[in-house]
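Q: Could you take a close look at one helix pair for me and then follow the charged contacts from there? I'd like a connected walk-through rather than a list.

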Amino acid sequence: MVSRLKKILTHIRLGFALLVCTIVSTTAYGQIMTDSIFFEQSRPVIFQVNRTDISKNDSIWIVDSLLPQLNAIGIDGVIWGRASTSPEGPWDNNVRLADNRRKAATAYLSSHGFDVSRIKFDAVPEDYEYVLMLMLKANDPDYSKVRSTFDRYRTDYPLLKRQMQQLEGGRIWNRMLKEFFPQTRAVRILATDKVSAGIIKPIKSALDLSVHVNTNAYIDTPPLHLGIYNEQEVTDDMQRREVLSLKTNLLLYALFVPKYGWCPIPNVAIEYYPRHGHMTLGASFDCPWWIGNTTNHKYFELRNYTLEARYYTRNSNKSYYPGSQILNGKAAFKGFYMSAYAHAFLYQIGCNKDDGWIGEGIGAGLGLGYVIPLGKRNQHWRLELGAQFGIFRTKYDPFVYGCPVENIEDGLYYYDYKGDPDLFKERQYRFTWLGPTRAGITLTYDLFYRRINRKGASFKHMEKGGAR
């Protein structure tokens with residue numbers, strides 16, 4: 001709530017500055033240039049996904065064509081620029097990305113001796129309006145749907161993005177992602193004379209205050225961190241986001257039990273990953289069922305059922321842009337986590353003919369852990385390091401080989417009880433433990449992957465992009 005309030009206040013402050021700039025500029029130059037004329041007459045410097053460096057071809061064009069035009073315009077000329085990003089990606093990061101593209105362009109011009117203070121720049125972190133212009137120019141059949149959605153939700157950009165992504169189950173969004181969004185990742189600069197062009201408005205109306213950010217007023221913009229994915233590169237084969245993983249605790253296979261010896265515990269667990277947020281849900285099952293014989297009197301029969309909820313300190317959206325579930329196969333839920341668990345168990349353990357126990361119990365506790373992706377590109381294999389601390393309480397009875405009353409071995413096991421048989425009651429013993437309850441070195445594999453903009457899951461971690 002506090003961060004959202006700060007963002008609203010920032011937009012109001014920036015919007016006020018833009019309105020002032022608009023009033024001053026309109027008074028000074030007396031004419032208005034429309035966005036359509038600006039885009040038709042300006043040549044874009046196109047940037048790669050999530051990049052701010054100028055390509056070699058664009059560098060040549062800037063030196064050979066743009067700079068001569070800018071230098072020839074004269075002191076009465078007006079130079080307008082616009083830096084933009086495509087609409088996918090977190091808003092705050094797109095603001096920084098647009099501003100850093102502006103800085104990259106002005107720095108390059110400045111390095112060639114041009115006075116960049118003459119350029120009237122604005123930044124459009126999510127340039128839906130240009131996308132609409134491109135769709136209109138192309139007579140796109142989905143233009144009316146996109147236009148209607150934009151007009152309806154333009155005052156709430158997080159909601160607008162979600163609504164855009166849901167149009168026809170994501171078909172329109174994914175097509176725009178491939179056909180139109182790449183052209184919005186750009187910086188445009190246009191030199192005009194005072195008489196023929198006038199000025200371009202940094203905003204069209206008060207409704208656009210959440211769209212256009214005057215970077216001259218946005219002085220405190222932090223630098224862009226290129227490791228954060230702000231724009232999505234769409235390929236024919238797109239990585240799906242994990243939805244369910246299968247895992248096993250390797251450490252339990254090396255368990256050593258006093259008096260019994262080496263006792264591997266087969267175990268399996270699953271973890272469900274939601275679309276967004278920090279929380280996951282999981283369940284595990286430990287199932288050693290090593291049945292001995294009357295020669296060694298060793299038995300280790302256990303059923304342990306556990307439910308677990310985890311909170312990952314790293315937001316899952318760091319790997320995936322909001323509203324989707326795809327981006328380079330990066331694991332969303334990784335790093336540090338905290339967990340809470342509850343479990344129920346039953347067992348029958350025998351170490352020798354005089355030491356055996358049978359019973360059941362329940363427990364609960366908290367855990368800490370760290371998830372490490374195995375590999376850099378596809379992080380569907382991961383390793384978890386974790387430990388749990390808690391309490392469990394069990395009711396049990398000891399048992400022995402042979403009848404303890406008559407002290408004979410008849411091939412059967414008996415409760416270790418020598419009192420009146422009529423007074424015997426099962427589970428007369430209690431044991432409570434408070435402390436470390438489990439340690440784990442767990443291997444995890446993503447078993448199911450969420451379908452892209454559709455319901456359901458699949459074993460395949462790749463899916464064809466584009467319209468569906």
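A: Happy to. Let's start where the two helices touch: in this predicted model, Tyr128, Glu129, Leu132, Met135 and Leu136 of H5 make contact with Tyr143, Val146, Arg147 and Phe150 of H6. Sorted by class, this contact holds seven nonpolar residues, two charged ones and no polar ones.

Now for the geometry. Two packed helices are described by the angle between their axes and the distance between those axes. Here, H5 covers residues 128-137 and H6 covers residues 143-153, and their axes come within 10 Å and cross at roughly 155°. Angles over 145 degrees count as roughly antiparallel, so H5 is roughly antiparallel to H6. The crossing of the two helices is left-handed.

The loop between H5 and H6 is a good place to pick up the charges. Asp142 sits in that loop and Arg175 in helix H8 (residues 171-179), so their pairing ties together parts that are 33 residues apart in sequence. Their side chains form a salt bridge, with an N to O distance of 2.6 Å. Both partners, Arg175 and Asp142, are buried.

Farther along the chain, another buried pair turns up: Asp446 and Arg382. Their side chains meet in a salt bridge at 2.7 Å, N to O. This pair links distant parts of the chain, with Asp446 in strand E19 (residues 429-450) and Arg382 in strand E17 (residues 381-403), 64 residues apart.

As for salt bridges with shared partners, they join Asp140, Asp142, Lys145, Glu168, Arg171, Arg175 and Glu179 into one network. Asp142 and Arg175, the pair we met at the loop, are both among its members.

One further pair is worth a look for its surroundings. The side chains of Glu409 and Lys353 form a salt bridge at 3.2 Å, N to O. Glu409 belongs to strand E18 (residues 408-415), while Lys353 lies in the loop between strand E15 (335-352) and strand E16 (355-373), so to speak a link between distant parts of the chain, 56 residues apart. Glu409 is exposed, at a relative accessible area of 52%, whereas Lys353 is partly exposed, at 36%.

Taken over the model, the count comes to 25 salt bridges, and the three pairs described here are Arg175 with Asp142, Asp446 with Arg382, and Glu409 with Lys353.

Methods:
Residues are numbered from 1 along each chain as its sequence is written. This is a predicted model: local features need pLDDT of at least 70, side-chain atom pairs count only at pLDDT 80 or more; totals for chains, interfaces and linings use all residues. Side-chain values use heavy atoms; hydrogens and water are left out. Axes are lines fitted to C-alpha atoms, for helices over the stretch in contact, and angles run from 0 to 180 degrees between N-to-C directions. Helices (H or I, at least four residues) and strands (E, at least two) are DSSP runs, numbered from the N terminus. Angles under 35 degrees count as roughly parallel, over 145 as roughly antiparallel, 65 to 115 as roughly perpendicular and the rest as oblique. A crossing is left-handed if the near helix is turned anticlockwise from the far one by less than a right angle, and right-handed if clockwise. Contact means heavy atoms within 4.5 Å. Ala, Val, Leu, Ile, Met, Phe, Trp, Tyr, Cys and Pro count as nonpolar, Asp, Glu, Lys and Arg as charged, and the others, Gly among them, as polar. A salt bridge is a side-chain nitrogen of Lys or Arg within 4 Å of a carboxyl oxygen of Asp or Glu. Buried means under 20% relative accessible area, exposed over 50%, partly exposed in between (1.4 Å probe, protein chains only).
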